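Hi,

Here is the structure I promised to pass on. Have a look at it first, and my notes follow below.

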There are 2 protein chains.
Amino acid sequence: MVEHQKFMKEAIKEAKKSLKEGGIPIGAVLVENNHIIGRGHNRLLQNQSVILHGEMDCMESAGRLRGEDYQQCTLYTTLSPCTMCSGAALLYKIPRVVIGENKTLSGPEQLLRDNGVEVIDLEMEECWELLEDYIRENPETWESELERVGGETNLK
Amino acid sequence: MVEHQKFMKEAIKEAKKSLKEGGIPIGAVLVENNHIIGRGHNRLLQNQSVILHGEMDCMESAGRLRGEDYQQCTLYTTLSPCTMCSGAALLYKIPRVVIGENKTLSGPEQLLRDNGVEVIDLEMEECWELLEDYIRENPETWESELERVGGETNLK
């Protein structure tokens, strides 16, 4: 668990990078055999993107790995991954996803589990506070992002 | 159905653009109220990407739409969308996905349907032949792409 928190701290550093760029503070790192091989953060605002969530940016930064590498990876993300990012983890058969918090939003964690992915929720206050502070200070931006995705996603 | 084939022809044009760039011939268009508002194609090889499938590239090209716009869109794609691209469609609550073919690979179409997305399979020979020809001519590249995702995805 200490190892998980260590890597989540790196995902938090990524979230803070986004904040400095004027973006939403959500970050991710991809870890293989205890080494960080990819890192990224939410770039929706700063890149005017609809696909660069933290997890997607992180996976893109890791480059085109072999299947046998993805299958040894753990994806750390400060916020519970949405359907798109969960789908990306499932596509590449990443066997473990470690989540900083899922109080702000919760993605399809059960879908991940149903498909053999180990999902660990660290419930780290720091992840939650970082995003919560952002939402409090930027309520209109956050509301606009929620409107864009039609509110929360509750997958069947 | 004629309308669907008309827009799928545009997705096929995108697939052919990819082929010209040395990429995998899969393409997509996003249509709102009978107008194409986004187009894209698979860029895994030409951009050394792991996230730019045709559908993702197409959605990125459409820009940051409002939720009420996404909710009136149809996503046309020459190949049945994978878990990542299906997840993106679910994230943005796109209500309809039209598929050129699902003989080469089949994504989680049932997951889309279970979540209220209308899925229409056109079973267009042209989509299948375009990709099938590519695979026949580039078997090692295709095998390498399949290895990267651990073979086909059979979601639960």
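A quick word on naming before the notes: helices and strands here are DSSP runs, with at least four residues for a helix and at least two for a strand, numbered from the N terminus. Please also keep in mind that this is a predicted model.

With that naming, Asn34(A) sits in the loop that links β1 (27-32) to β2 (35-41) in chain A. Its backbone caught my eye: phi is near 70 degrees, a positive value in a residue other than glycine. Most residues other than glycine have a negative phi. Asn34(A) is partly exposed, at a relative accessible area of 48%. Chain B offers another case in Gln48(B), which is not a glycine yet has a positive phi of about 50 degrees. That residue belongs to the loop between β2 (35-41) and α2 (54-62) of chain B, and with a relative accessible area of 53% it counts as exposed.

Now the two chains. Rotating by 180 degrees, with 0.0 Å of shift along the axis, superposes chain A on chain B at an RMSD of 0.0 Å. The two copies are therefore related as by a two-fold rotation axis. What about the surface through which the copies meet? Of the interface residues of chain A, 100% are also interface residues in chain B, so the copies meet through the same surface.

On the annotation side, the unreviewed UniProt entry places "domain: CMP/dCMP-type deaminase" on residues 2-119 of chain A. That span is 40% helix and 24% strand, and its end C-alpha atoms lie 16 Å apart.

Glu32(B) is worth a click. It lies in strand β1 (residues 27-32) of chain B and is buried, yet it has no salt bridge. The nearest side chain of opposite charge is that of Arg66(B), 5.8 Å away, whereas a salt bridge needs the atoms within 4 Å. Setting aside neighbours within four places in sequence, Glu32(B) is in contact with Ile37(B), Asp69(B), Gln72(B) and Cys73(B).

Lastly, the cysteines. How many disulfides does the structure hold over all chains? The count is 0. Cys73(A) is in no disulfide, and the nearest cysteine sulfur, in Cys58(A), is 9.0 Å away. Cys73(A) counts as buried because its relative accessibility is 1%. In chain B, the sulfur of Cys58(B) has its closest cysteine sulfur in Cys73(B), at 9.0 Å, which is too far for a bond. Cys58(B) is buried as well, with 0% relative accessibility.

Cheers

Definitions and conventions:
Residues numbered from 1 in each chain as written. Chains lettered and ligands numbered in written order. Predicted model: local features only at pLDDT ≥ 70, side-chain atom pairs only at ≥ 80, totals over all residues. Heavy atoms only, no water. UniProt positions renumbered as here; feature names shortened; annotations may be inferred. Buried < 20%, exposed > 50% of the residue type's maximum accessible area, 1.4 Å probe, protein only. Lys, Arg positive; Asp, Glu negative; His and termini not counted. Contact = heavy atoms within 4.5 Å. Least-squares fit on C-alpha atoms with pLDDT ≥ 70 in both. Disulfide = S-S within 2.5 Å.
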